[in-house]
Amino acid sequence: MNASVLDLAHLPTDLFIDGRWDAPSFDTRIEVIDPSTQQVIATVANATEADAQRAVDAAAKAAPAWAATPPRVRSEILRRCFELLVRDSEQLAVLISRENGKSLGDARGEVAYAAEFFRWFAEEAVRIEGDLSRAPSGQARTLVQYEPIGIALLVTPWNFPAAMATRKIAPALAAGCTCILKPATDTPLTALLIARILAEAGVPDGVVNVLTTRSAGKLCAQMLDDPRVRKLSFTGSTEVGRVLLRKAADSVVNCSMELGGNAPFLVFDDADIDVAIEGAMLAKMRNGGEACTAANRFYVQRGIHAEFSQRLAARMAALRVGDGADPQTQCGPLINAGAVEKVASLVRDALDKGARLLAGGDAPQRVGYFYNPTVLVDVPANADLLREEIFGPVAPIVVFDHEDEAIEAANATEYGLMAYVFTRDLARGMRISERLESGMIGLNRGIVSDPAAPFGGVKQSGLGREGAHHGMLEFLEAKYISVNW
């Protein structure tokens, strides 16, 4: 890797409000730590309530002009955002690896994915279509048109700092909304660099504002209390999502919530085991397991359970663990010390309850927040890691005999974001997919995320959808006009 690709000294680190880089009202700083080295790589501004007020004011001032901007003009700006993200893709990838820890290969994949949201919604911006029909009574025409919902508060997590930001910013801008982005404290630098790219692309002042802060709860509550803020789009844990939903209810703010997951990975005896293993590696180890779509529970039919388990353990054990920014690394560190302790605790609990270790099960003796890729078998139903989102490189495997047994186990969770099914029998695959309580299904595929597809879950995995045409509709209000002529 060429070190000159990323110049940390010249990255933006202040607040981005109304098209300007500003220090906060009280200039305290937040340290950004490289999880691979535990070293501070930068400090960013710590926004206050006064700064949040300035951001809402800026978004409100810019809102009328941006909403009135012709869809084609908004489309061309979004297309330019795509082009500039592609131009700066290597710089962004290295930055993500440094502040997030994910392998450089994963980071490059994320940047490509993040850029695609701008290309997709550049095309959707000119497709905000309405309806005209005659009322059944014949007394009037019914005209329905769509308008921007208003100022949007966008709250994003640390695990995909580029893609989660663009997946929200792009449809908001396509719909004609202005927005305030609050990125995760662990990974703020990527969001700030994207803000600089958007300004270069021609996004007008005040249309996108970025606040980095340690006081996320307080500032989000303040902004949700402002009657000008009409949309909340949040990606994060179900626990935090519940808190934000309660707060949003005070002002009846429209909410899109992409929350936690507990994805089952079902492998049947008739599956192509090579395809299933490749799918398992993608579904489990993308971003080192730190993904809401990550396979969390593996249910494997008895006939191939032993072979699948041994082969997955061999693949996981062979992964090269190391510094995320090292091009040779296949599995980087977890985000922080707390994440390592949570994963270690879940593994200890499973082992104490009778699970058997096939690979990993410990943290390497090195600087950084690492945990070795781990495979467990004979995992009992009462193990915590079958009920909780692991968010790490751990694959617990459970054997099953019958289809109904697997489906019952897969659905036995409050979550319903993602599920994976592997079988050569397409009829069986479709039948099972329809019975699984999940917003998304990977049928003989280990990855399903696509800007052109509606991403989202059921049950306590969230509300609404991101991506596809659905993602733009989340930022639009339908207005009905009854008229005679």
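**Exercise 1.** In this predicted model, find the helix that holds D349, then decide whether D349 is buried or exposed.

*Solution.* Start with the address: D349 sits in helix α11, which spans residues 337-352. Next, look at its relative accessibility, which is 16%. The cut-off for buried is under 20%, so D349 counts as buried. Finally, check who it touches: once neighbours within four places in sequence are set aside, D349 is in contact with A383 and D384.

**Exercise 2.** Work out how the axes of α7 and α8 are oriented to each other, and which residues make the contact.

*Solution.* Take α7 as residues 216-225 and α8 as residues 238-250; their axes come within 8 Å and cross at roughly 30 degrees. Angles under 35 degrees count as roughly parallel, so that's the label for α7 against α8. As for handedness, α7 passes α8 in a right-handed crossing. Now the contact itself: α7 brings C220, A221, L224 and D225, while α8 brings L244, K247 and A248. Sort these residues by type and you get 5 nonpolar, 2 charged and no polar.

**Exercise 3.** Describe the surroundings of strand β16: how many of its residues are buried, and in which sense do β13 and β15 run beside it?

*Solution.* First, burial: β16 covers residues 394-400, and 6 of its 7 residues are buried, so call it mostly covered. Then go through the partners. β13 (residues 295-301) pairs with β16 in the parallel sense over 4 bridges, with Q301 standing opposite F400. β15 (residues 374-377) also runs parallel to β16, joined by 3 bridges; here L376 has P396 as its bridge partner.

Notes:
Residues numbered from 1 in each chain as written. Predicted model: local features only at pLDDT ≥ 70, side-chain atom pairs only at ≥ 80, totals over all residues. Heavy atoms only, no water. Axes fitted to C-alpha atoms, helices over the stretch in contact; angles between N-to-C directions. Helix = DSSP H or I, 4+ residues; strand = E, 2+ residues; numbered from the N terminus. Parallel < 35°, antiparallel > 145°, perpendicular 65-115°, else oblique. Left-handed = near helix turned anticlockwise from the far one by under 90°. Contact = heavy atoms within 4.5 Å. Nonpolar A, V, L, I, M, F, W, Y, C, P; charged D, E, K, R; others polar. Buried < 20%, exposed > 50% of the residue type's maximum accessible area, 1.4 Å probe, protein only. Pairing = 2+ DSSP bridges.
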